[in-house]
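The following exercises ask the reader to trace strand pairing, packing and backbone geometry in one protein chain. Each task is followed by a solution in steps.

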Amino acid sequence: MLLAGCGGSRELIMAPPRPAALALPDTTVFPARLTLTLSANTPLPLPFQTLTVTIHLIALQRADGYRQPLVFARRTVTFTRTAAQQWTLLEAAPIPPGRYDTLWVHLSEVAVRFGPNAGGSLTAPTDTLAFPVTLELRPALSYAYHLRFDWQHSLQAKPECRWRFTPRLSLEMH
């Protein structure tokens, strides 16, 4: 090839073509998709009529300690004695692929009602909880999991007619 300009012309030597680099998938372009629902294992036991809690999903954590924040607006849910309900907390949320072993959840505003004029706030040992989970998320795949409260182990009667809320949750694949 000959390159010509104001100062004359000179020969331009080009390198031979190289093979293209192998195309490896970028896991940020193809995130896993996570749907997470919440319910209880049974309707609320007597003497409760309702239990209301505000849930803030915080993050999924890998074994190496890295926490992947979850894009989630807080959600207030009310469980009742008459029916088991289910709520969607995340719907097809993009999550970087990987193996996660902890789900971090923040609970606030836990309250119960026993009747029209009876109820109040429940005491809890802590408001930010780390739940052990086993999640293996692969690129471009969708996963549906169900977070379930276990009332028998979450609600404990204390002396002097007080109740303690110690959340016990399990994570199940749908």
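**Exercise 1.** Identify the residue of S7 that is the bridge partner of Leu-38, and state in which sense S3 and S7 pair.

*Solution.* The model is a predicted one.
Step 1. Locate strand S3, which covers residues 32-40, and strand S7, which covers 86-95.
Step 2. Leu-38 has Trp-87 in S7 as its bridge partner.
Step 3. The pairing of S3 with S7 is antiparallel and comprises seven bridges.

**Exercise 2.** Give the order of the strands in the open sheet that contains S3 and S7, and explain why one side of S7 and of S14 is left without a neighbour.

*Solution.* Step 1. The open sheet consists of four strands in the order S7-S3-S11-S14, with mixed pairing.
Step 2. S7 and S14 (169-173) stand at the edges and have a single partner strand each; therefore one side of each has no neighbour in the sheet.
Step 3. From one strand to the next, the twist averages 20°.
Step 4. For a residue of an edge strand, consider Glu-172, which is found in S14. Its relative accessible area is 31%, so Glu-172 is classed as partly exposed, the range between 20% and 50%. The C-alpha atoms of Glu-172 and Ala-144 are 8.8 Å apart, although 28 residues separate the two along the chain.

**Exercise 3.** Determine which strands pair with S4, including S5, S6 and S8, and decide whether S4 is largely enclosed or not.

*Solution.* Step 1. S4 covers residues 50-62. S4 and S8 pair in the antiparallel sense through eleven bridges. Within S8, Thr-50 has Arg-113 as its bridge partner, and Thr-52 stands opposite Ala-111.
Step 2. S4 also runs antiparallel to S6, to which six bridges join it; here Ile-55 stands opposite Arg-75.
Step 3. With S5 (residues 67-69), S4 forms three bridges, again in the antiparallel sense. Gln-61 stands opposite Arg-67 in S5. These two strands make a hairpin with four residues between them, in which Gly-65 has a positive phi near 95°.
Step 4. Because ten of the 13 residues of S4 are buried, the strand is largely enclosed by the rest of the structure.

**Exercise 4.** Follow S8 to its partners S9 and S10.

*Solution.* Step 1. S8 covers residues 98-115. S8 and S10 pair in the antiparallel sense over eight bridges, and His-106 has Thr-128 of S10 as its bridge partner.
Step 2. S9 (residues 118-121) runs antiparallel to S8 and is joined to it by four bridges. Ala-111 stands opposite Ser-121 in S9.
Step 3. S8 and S9 form a hairpin, with two residues between the strands.

**Exercise 5.** State how many residues the largest nonpolar core has and which element gives the largest share; then describe the lining of the largest cavity.

*Solution.* Step 1. In soluble globular proteins, nonpolar side chains tend to be buried together.
Step 2. The largest nonpolar core has 41 residues, and those with the most contacts inside it are Leu-38, Leu-51, Leu-57, Phe-79, Trp-151 and Phe-165. The elements giving two or more residues to this core include S3, S4 and S7. S8 provides the largest share, six residues.
Step 3. The structure holds one cavity of 30 Å³ or more. The volume of the largest cavity is about 40 Å³.
Step 4. Its lining is formed by Leu-34, Leu-36, Leu-60, Leu-103, Leu-135, Tyr-145 and Leu-171. These residues divide into seven nonpolar, no polar and no charged.

**Exercise 6.** Locate the cis peptide bond between Leu-46 and Pro-47, and place Glu-109 and Ala-140 in the fold.

*Solution.* Step 1. Most residues other than glycine have a negative phi, and most peptide bonds are trans.
Step 2. The peptide bond from Leu-46 to Pro-47 is cis, with omega near 10°. Pro-47 belongs to the loop between S3 and S4.
Step 3. Glu-109 has a positive phi near 50° and lies in strand S8.
Step 4. Ala-140 also has a positive phi, near 65°, but is placed in the loop between S10 and S11. Its relative accessibility is 53%, so Ala-140 counts as exposed, for which the cut-off is over 50%.

Terms used. Residues numbered from 1 in each chain as written. Predicted model: local features only at pLDDT ≥ 70, side-chain atom pairs only at ≥ 80, totals over all residues. Heavy atoms only, no water. 1 Å grid on protein atoms, 1.4 Å probe; cavity = no way out; pocket = protein on both sides within 12 Å on 5 of 7 lines; lining within 4 Å. Points joined across faces, edges and corners; volume = space filled by probe spheres on them. Nonpolar A, V, L, I, M, F, W, Y, C, P; charged D, E, K, R; others polar. Pairing = 2+ DSSP bridges. Axes fitted to C-alpha atoms, helices over the stretch in contact; angles between N-to-C directions. Core = buried A, V, L, I, M, F, W, Y, C linked by side-chain atoms within 4.5 Å. Buried < 20%, exposed > 50% of the residue type's maximum accessible area, 1.4 Å probe, protein only.
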